[in-house]
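Me: I would like to learn how to read a structure of this kind, feature by feature. Could we take the general idea of each feature before turning to the case at hand?

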Amino acid sequence: VNPKKAGPAALVRAVKCSKCGAPIELRSPSSLSVACGSCGSVLDPRTPDLALIAAAAKRQEKYRPRIPLGHKGRLKGEVFQCIGYMARRTKVDGQPYTWHEYLLFNPYKGYRWLVEYQGHWTSVKPAHVTPEASATGGLRFFGEDYRHFQSCRAEVVFVVGEFYWQVRVGDSAELEDYVCPPSILSIERTADETSCSVGTYVTGQEVWQAFQLPGEPPETTGVAPAQPSPIQPDVGKSWALFAALCLVTIAIHSFVVSISQNKRIWQGRFNYDAAEAEKSKVTEVFEITGRTSNVVIKTSARVDNHWLFAGYALINEGTGVAIDFGREVSYYHGYDGGESWAEGSTSDEVVIPQVPAGRYYLRVEPQSDTSPVLYEVEVWRDVPQLFPLLMSWFILAIPALIASLRQYTFEVRRWSESDHPMITTEE
Amino acid sequence: MSSGSCPSCGAPLEIKTRAATLLVCAYCNSTLVRHEQKLEDIGKMALLAEDGSPLQIGARGVYRGVKFEVIGRLQLEYSAGYWNEWYATFDDGRTGWVGEGQGQYAITFQAATPRNMPQFENLKIGDTLKVGVEHFRVTEKSRARCIASQGELPFHVNSGYDAPVADVSGSGARFGTIDYSEYPPLVFLGERVEFDALAFAGLREFEGWS
């Protein structure tokens, strides 16, 4: 090295394939093998005559790098050059799954990978920190827990370009993937070494833009292991909105309670006697005041394995308008087969909404299967109701529940291709 | 810092650290051994291989807030490619090593060699080594070969010597190299660091990568 020599050093070395004579550009001095793009022979670039490492494998026309070798791209602010491409395959229950790996090079930052499977991309770099085992059986890396996704044996089925190790078609490695979307940790084991890399999900669109590729990226299929859920942010937001709206409804409810009369305006006792000729009773007139609001009629009867039915009419003395309704009080209990049981109740409550102020009286027409029955009637004005509050909560929860369900479905799809599907189907 | 001139070609030499015992003249590639005030020419250093390393003598960086400057280099070749140990002086007075290869970086400093270190032959991948209070696991064992050196170095090296080395990993980014070119071996401990974290300046420039 001459210290006086100025100007940038050349990294690219133009050579010819020692097998077929096709031109090969060597772009990284750290490459330990290069697969000729023309004949597929794998050569050793460290030897002056490019000694053969592995003879060309059977030609596989179906594998073509989508990112051309030599192309430079700016991915997340860093410039990298695509220098190698390989297709790897695993078999699950005899079914082959093939994915594509692009080796990217930068003379300062070293190597990165872009991995494509079913239109989903992952940008991968070596992990310089060793992940630790997590309490949940996965891995812990930079404060995040990664869950085991799958383990498989991957085999190289096609190779072209440069690699920083001696690659051969047929090379196999044990892979273990752990996910924490949008990140994925991969442990790769060969007989000689164990390496760990960390990947981040990227879209095909980002890759196409980074490398200025023509046309459209391939369509995606399914959900990728590290694909961030597009619904996840909505889930949090919709529950936060739900909580906020609940507070609003509670405030409204508290206000309603504070302005409610919640007052008993009449109370009386009657006796039902089957022997009586005129069984219906009429209360004295009572004053219903304030804004148009509800009236609550409470009926309680001393029934024991019997029923009492009360046919009511709430009659406005001034207009003669009557509101008719019937209520039943029944209480049954017993002891059967060693167990005691009870059904019904000795009291009943009914809410009559939207009753305007005025002078009213109540007519009661009782019926029963026993006699005599003592019963008590109470009339309450403007009683705050809990039901509208609960109903509003239920309705307000619907969007959040839907978001949670969609999120769940997304996770089911993600994990369906893993070693730990959330829903297992019998085959 | 002291200065002198190359006994072989007369070129001016600047010696940056007192720890330097070996110097390779940047002009004539003579290997010079320092004895007190004298420099002895012991012959030409072998040529470095073009390994595409982005570092060079004079490159500067920052490690954990402390600036350093690269003053020497050992170039090694493994079965897995080239690896450089760059000798560096740090602003806090320490000297250490910037390990670099294939875009991966590690900063290490020499540590006291624990007693009863296993022989290289008896060391197995996966073994645990205790250095001080820390535990490390042996992750790689290789018979590296020193191709050549450059600049100032704290020990006397010849080109083309065999260097059996083991790499060890601790928790997190903790990393170490055990140099078995002598016994007891030399232990260097530190951590793996990403390129961007070292804020390098004065690196080599490459065509098409400015």
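Me: How many cavities of 30 Å³ or more does a search of the whole structure find?

Reply: Please keep in mind throughout that this is a predicted model. The general idea is that rolling a probe the size of a water molecule over the atoms shows where empty space is left. Here a search of the whole structure yields two cavities of 30 Å³ or more, and the largest cavity holds about 150 Å³ of space. Its lining is made of 14 residues, and those closest to the centre are Leu74(B), Leu76(B), Glu85(B), Thr177(B) and Asp179(B).

Me: Which elements give two or more residues to the lining of the largest cavity, and what is the make-up of that lining by class?

Reply: In chain B, two or more residues each come from β7 (66–78), β8 (81–90), β13 (162–169) and β14 (174–179). Among the contributors β7(B) gives the most, with three residues. By class, the lining of the largest cavity counts ten nonpolar residues, two polar and two charged.

Me: What is the volume of the second largest cavity, and which residues are closest to its centre?

Reply: The second largest cavity has a volume of about 120 Å³. Of its 17 lining residues, the closest to the centre are Ser30(A), Asp51(B), Glu100(B), Gln102(B) and Gly103(B). At least two lining residues are supplied by each of β8 (95–106) and β9 (110–117) of chain A, and likewise by each of β8 and β9 (95–101) of chain B. The largest share, three residues, comes from β8(B). The lining of the second largest cavity divides by class into six nonpolar, nine polar and two charged residues.

Me: Let us turn to the interface. How many residues does each chain bring to the contact, and what area do chain B and chain A bury between them?

Reply: Chain B brings 35 residues to the contact and chain A brings 30 residues. Between them the chains bury about 2800 Å², with 56% of this area on carbon and sulfur atoms. For the area that chain B buries against chain A, Gln102(B), Glu194(B) and Trp209(B) supply 26%, more than any other three residues. Gln102(B) also belongs to the residues closest to the centre of the second largest cavity.

Me: How many salt bridges and how many residue pairs in polar contact are found across the interface of chain B and chain A?

Reply: Side chains of opposite charge can pair when their charged atoms come close. Across this interface there are three salt bridges; the side chains of Asp196(B) and Lys109(A) meet in a salt bridge, at 3.2 Å from N to O. Nine residue pairs, both partners at pLDDT 80 or more, are in polar contact across the interface. On the side of chain B that touches chain A, the elements giving two or more residues are β7, β8, β10 (104–111) and β15 (186–193) of chain B. The residues on that side of chain B divide into 14 nonpolar, twelve polar and nine charged.

Me: How many salt bridges does the structure hold over all chains?

Reply: Over all chains the structure holds 30 salt bridges. One of them joins Glu206(A) to Lys76(A), whose closest N and O atoms are 3.6 Å apart. This pair links distant parts of the chain, 130 residues apart, with Glu206(A) in helix α1 (residues 204–210) of chain A and Lys76(A) in the loop between β6 (72–75) and β7 (78–92) of chain A.

Me: Where should I look for unusual backbone geometry?

Reply: Most residues other than glycine have a negative phi, and most peptide bonds are trans. The peptide bond joining Pro181(A) and Pro182(A) is cis, with omega about 5°, and Pro182(A) sits in the loop between β14 (172–180) and β15 (183–189) of chain A. A cis bond also runs from Ser371(A) to Pro372(A), with omega near 0°, and Pro372(A) lies in the loop between β25 (358–368) and β26 (373–381) of chain A. Leu50(A), a residue other than glycine, has a positive phi near 50°, and Leu50(A) is placed in the loop between β4 (42–44) and β5 (51–54) of chain A.

Conventions. Residues numbered from 1 in each chain as written. Chains lettered and ligands numbered in written order. Predicted model: local features only at pLDDT ≥ 70, side-chain atom pairs only at ≥ 80, totals over all residues. Heavy atoms only, no water. 1 Å grid on protein atoms, 1.4 Å probe; cavity = no way out; pocket = protein on both sides within 12 Å on 5 of 7 lines; lining within 4 Å. Points joined across faces, edges and corners; volume = space filled by probe spheres on them. Helix = DSSP H or I, 4+ residues; strand = E, 2+ residues; numbered from the N terminus. Nonpolar A, V, L, I, M, F, W, Y, C, P; charged D, E, K, R; others polar. Contact = heavy atoms within 4.5 Å. Buried area = accessible area lost by both parts, 1.4 Å probe. Salt bridge = Lys/Arg side-chain N within 4 Å of Asp/Glu carboxyl O. Polar contact = N/O pair within 3.5 Å; in protein donor to acceptor, adjacent residues only side chain to side chain.
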